[in-house]
Amino acid sequence: MSFQKAADLLRLAELATARYLGVSLTEIEEEFGVDRRTAQRMTKALEEMFPHCITRVDDDRRKFWKLRADDARLMLAQGIRDSELAALELAIRRAEREGLATEVRALSGLRDRLLAAMPGPHARRAEADAEAVLEAHGFASRPGPRVRIGPDLMGVIGAALKGPHVLTVTYAGGRDPDRARRLELHGLLLGTRRYLVAREAGGDGRMQHYRLDRITTARLEADSFARDPGFDLTAHAARAFGSFHTDAEYGEVTWRFSPAAAPTAREFLFHPTQEMTEEADGSLTVRFTASGHLEMAWFLYMWGDAVEVLAPEPLRAMVERHRRGDFPALP
């Protein structure tokens with residue numbers, strides 16, 4: 001057996017141990033980038049190397065392979081790799097910069113438990129190697145401006161989302177800024193500004209956005225609630241270009257990037273629904289459906305005169321007088 005095959009087998013044992021139901025052939029194909037026959041050979045090798053491997057078939061006739069943790073001691077003996085520890089450290093530093101105190105505590109606790117379970121020399125070597133990886137990356141958090149959010153607020157929001165529990169807030173926005181609002185949280189939108197996606201308890205059930213920097217007080221309530229089973233945060237977020245939603249602006253958006261800017265634009269995912277069309281002159285047309293013209297205008301300004309708004313007309317008028325040709329580089 002080659003070293004790569006041995007490593008893949010150990011990785012497969014990790015998946016079979018970590019996942020509650022076990023691992024299926026489809027998941028093996030996706031994880032390792034192999035075809036069905038190779039995935040079948042890998043499960044056969046798993047059964048041979050781990051005789052206590054359990055198999056089961058669900059109601060959809062999909063087969064799963066499962067290992068109990070005490071049957072995977074060979075796999076567990078690997079400890080934590082330097083690349084895995086580096087990924088954890090990166091996540092911790094990003095969370096620290098974003099003010100996510102709850103996530104920092106959780107990730108730090110996981111890191112410490114993993115290191116504590118390793119022999120001393122191995123743990124020290126992994127820590128040293130992980131630090132070298134971090135230095136090689138040259139960063140440990142996402143650069144750029146952001147709005148300051150208190151860590152206590154993020155902790156309360158995290159607890160409310162986990163419950164789920166009603167969150168009572170005072171919101172410095174809207175027509176009645178002093179009114180206490182009882183919110184049923186359904187998600188959090190991240191960006192330059194952060195928004196809670198929530199509906200008011202006892203209200204009309206409509207999802208609204210609340211800027212975190214405008215929440216002056218927040219109190220976690222003992223009351224729980226049932227989340228709307230039909231609400232999909234990913235689909236909801238896709239109705240906007242950034243984090244601002246408005247039904248009045250929702251519609252098809254069409255941008256055309258110049259031939260010089262097309263190679264750079266091609267590397268971007270502007271929106272989950274985007275469609276790209278290569279034009280005969282080398283330009284690139286991008287279409288998607290969303291709202292949030294102001295956030296689009298902020299983004300388009302960085303491209304100077306290398307992009308033209310074809311639709312909608314209100315967005316075209318908003319950016320037309322602000323297109324510049326003297327920027328030294330593209331985004």
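**Reasoning through a sheet, its helices and a buried glutamate**

Tutor: Helix H12 lies across strands E9 and E12, and its axis runs at about 150° to E12. The model is predicted.

Student: What makes you say that H12 "lies across" E9 and E12?

Tutor: Contact here means heavy atoms within 4.5 Å. Leu 315 is a good residue to inspect, as H12 spans 313-320. Leu 315 touches Val 253, Trp 255 and Val 309, among others. E9 covers 251-257 and E12 covers 307-311, so these three contacts count as contacts with the two strands by the 4.5 Å limit.

Student: Which strands does H11 lie across, and at what angle to E9?

Tutor: H11 lies across E9, E11 and E12, and runs at about 5° to E9. Angles go from 0 to 180 degrees between N-to-C directions, so a value of about 5° means that H11 and E9 point almost the same way.

Student: Which residues of H11 are buried?

Tutor: They are His 293, Glu 295, Met 296, Ala 297, Phe 299 and Leu 300. They pack against E9, E11, E12 and H12.

Student: Why are E10 and E12 called edge strands?

Tutor: The order of the open sheet is E10-E11-E9-E12, with antiparallel pairing. E10 and E12 each have a single partner strand, so one side of each lacks a neighbour in the sheet. The twist averages 25° from one strand to the next.

Student: How do you know that E9 and E11 pair?

Tutor: Pairing needs at least two bridges. E9 and E11 have seven, in the antiparallel sense, so they qualify as a pair. One of the residues involved is Val 253, whose bridge partner in E11 is Phe 288.

Student: What makes E4 "mostly covered"?

Tutor: Five of the seven residues of E4 (165-171) are buried. E4 also has partner strands. With E8 (215-224) there are six antiparallel bridges, and Tyr 171 is matched with Ile 215 there. With E5 (180-189) there are four antiparallel bridges, and Val 169 is matched with Arg 181. Two bridges are enough, so both count as pairs.

Student: Why is Glu 184, in strand E5, counted as buried or exposed?

Tutor: Buried means under 20% relative accessible area. Glu 184 stands at 12%, so it counts as buried. Its neighbours, leaving aside residues up to four places away in sequence, are Val 166, Val 197, Ala 198, Arg 199, Ala 201 and Phe 225.

Student: What makes the link between the side chains of Glu 184 and Arg 199 a polar contact?

Tutor: The limit is 3.5 Å between N or O atoms, with one able to donate a hydrogen and the other to accept it. The two side chains are joined at 2.6 Å, so the pair falls inside that limit.

Student: Which residues have the most contacts inside the largest nonpolar core?

Tutor: Trp 255, Phe 257, Phe 270, Phe 288, Met 296, Trp 303 and Leu 315, in a core of 22 residues. E9, H10 (262-265), E11, H11, E12 and H12 each supply at least two residues of this core. A second, separate core of 19 residues includes Ala 95, Met 154, Ile 157 and Leu 185.

Definitions and conventions:
Residues are numbered from 1 along each chain as its sequence is written. This is a predicted model: local features need pLDDT of at least 70, side-chain atom pairs count only at pLDDT 80 or more; totals for chains, interfaces and linings use all residues. Side-chain values use heavy atoms; hydrogens and water are left out. Buried means under 20% relative accessible area, exposed over 50%, partly exposed in between (1.4 Å probe, protein chains only). A nonpolar core is a set of buried Ala, Val, Leu, Ile, Met, Phe, Trp, Tyr and Cys residues joined through side-chain atoms within 4.5 Å.
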